[in-house]
Amino acid sequence: AALSGVGAGQAPGGARAAECSLAPLTSVFAAMELGYTDAQKAYLLGAFFPGYIASQFPAGILSQLIGGKVMLTANLVGHALFMLLLPSAAALGYRWLGACLCCIGLVQGPMGPAQQKIKTAWLPVGPDRALALQIIALGSKAAGPLSNLAVPFLSSTFGWSAPAPTP
């Protein structure tokens, strides 16, 4: 079964899809392929969220001090770097993979506060702001299902190994 039926892109408390990484979910599928035990799979599934939760409040304060653009840029660069390290961490063992997932959570958590800072600075106050916020929210909700369709297609097109079982 594809990831789309498993709540992909959803975070605890109904967070927007763009704020949550699929790395913990796909790491469980990789763990099945690598032969990890159930306890190791549970560890991997939960490894992302301590970093994600721990970085929310400090990131909000930091966004106010240095600005949303700087925070968002650091978030995207950090996320990309840790995603590149993910296969190497998996090769070193499940604890390294879990540590890498926790670090992904640490850099992914500031995305929400940084986005809010940018929205409040750039969107004009008034009725147009409400429409703009709804369009942004729609894009976040559409990102999860679209990525679930695009990843298997791109994986098969370019010969990459799929991050999860595909139909």
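**Note on an all-helix predicted model**

1. The largest share of the nonpolar patch, five residues, is supplied by helix H4 (residues 56–66). The patch covers about 610 Å² of surface and is made by Phe57, Ile61, Leu62, Leu65, Ile66 and Val70. Ile61 is one of the residues in helix H4. Its relative accessible area is 43%, so Ile61 is partly exposed. The model is predicted, and this applies to every point below.

2. On the overall fold, the protein chain has eight helices and zero strands. Along the sequence the pattern reads α-α-α-α-α-α-α-α. The chain holds 167 residues, and buried residues make up 36% of them.

3. Helix H5 deserves a close look. H5 spans residues 68–92, which is 25 residues. From first C-alpha to last, H5 reaches 35 Å, close to the 36 Å expected at 1.5 Å a residue. Where does H5 bend? The bend is at Leu86, by about 40°. A proline, Pro87, follows within four residues. Leu86 is also among the buried residues of H5. The others are Gly68, Met71, Leu72, Asn75, Gly78, His79, Ala89 and Ala90. After the helix comes Gly93, with a positive phi near 135°.

4. Helix H6 (residues 94–108) comes next. H6 has 15 residues and reaches 20 Å between its end C-alphas, close to the 21 Å expected at 1.5 Å a residue. Its buried residues are Tyr94, Leu97, Gly98, Cys100, Leu101, Ile104, Gly105, Val107 and Gln108. Part of this list has a regular spacing to check against the helix. An α-helix has 3.6 residues a turn, so residues three or four places apart point the same way.

5. Now the rings. The count comes to four aromatic pairs. Tyr43 and Tyr94 form one that is edge-to-face, with 5.4 Å centre to centre and 85° between the planes. This pair links distant parts of the chain: Tyr43 lies in helix H2 (residues 38–46), Tyr94 in helix H6, and they are 51 residues apart. Is each partner buried or partly exposed? Tyr43 is partly exposed, at 34% relative accessible area. Tyr94 is buried, at 19%, because the cut-off for buried is under 20%. Tyr36 joins Tyr43 and Tyr94 in one aromatic cluster.

6. A second pair is formed by Phe48 and Tyr52. Why does this pair count as stacked? The ring planes are at 25°, and planes under 30 degrees apart count as stacked. The ring centres are 5.4 Å apart. Phe48 and Tyr52 are four residues apart in helix H3 (residues 48–54), so about one helical turn separates them. Phe48 is buried, with a relative accessible area of 0%. Tyr52 also counts as buried, at 7% relative accessibility.

7. Last, the charges. The count comes to one salt bridge. Lys41 forms it with Asp38, and the closest N and O atoms are 3.8 Å apart. The limit is 4 Å, so the contact falls within it. Both residues lie in helix H2, three residues apart, or about one turn of the helix. Asp38 counts as exposed, at 63% relative accessibility. Helix H2 thus carries both this salt bridge and Tyr43 of the edge-to-face pair.

Notes:
Residues are numbered from 1 along each chain as its sequence is written. This is a predicted model: local features need pLDDT of at least 70, side-chain atom pairs count only at pLDDT 80 or more; totals for chains, interfaces and linings use all residues. Side-chain values use heavy atoms; hydrogens and water are left out. Helices (H or I, at least four residues) and strands (E, at least two) are DSSP runs, numbered from the N terminus. The expected span of a helix is 1.5 Å times one less than its number of residues. The bend at a residue is the angle between axes fitted to the seven residues ending there and the seven starting there. Buried means under 20% relative accessible area, exposed over 50%, partly exposed in between (1.4 Å probe, protein chains only). Rings of Phe, Tyr and Trp (its six-membered ring) pair if their centres lie within 6.5 Å; planes under 30 degrees apart count as stacked, over 60 as edge-to-face and the rest as tilted. Patches are made of residues with over 30% relative accessible area and no salt bridge: like charges are joined within 9 Å, nonpolar side chains (Val, Leu, Ile, Met, Phe, Trp, Tyr) within 5 Å. Accessible areas come from the Shrake-Rupley method with a 1.4 Å probe; for residues, only the protein chains shown count as cover. A salt bridge is a side-chain nitrogen of Lys or Arg within 4 Å of a carboxyl oxygen of Asp or Glu.
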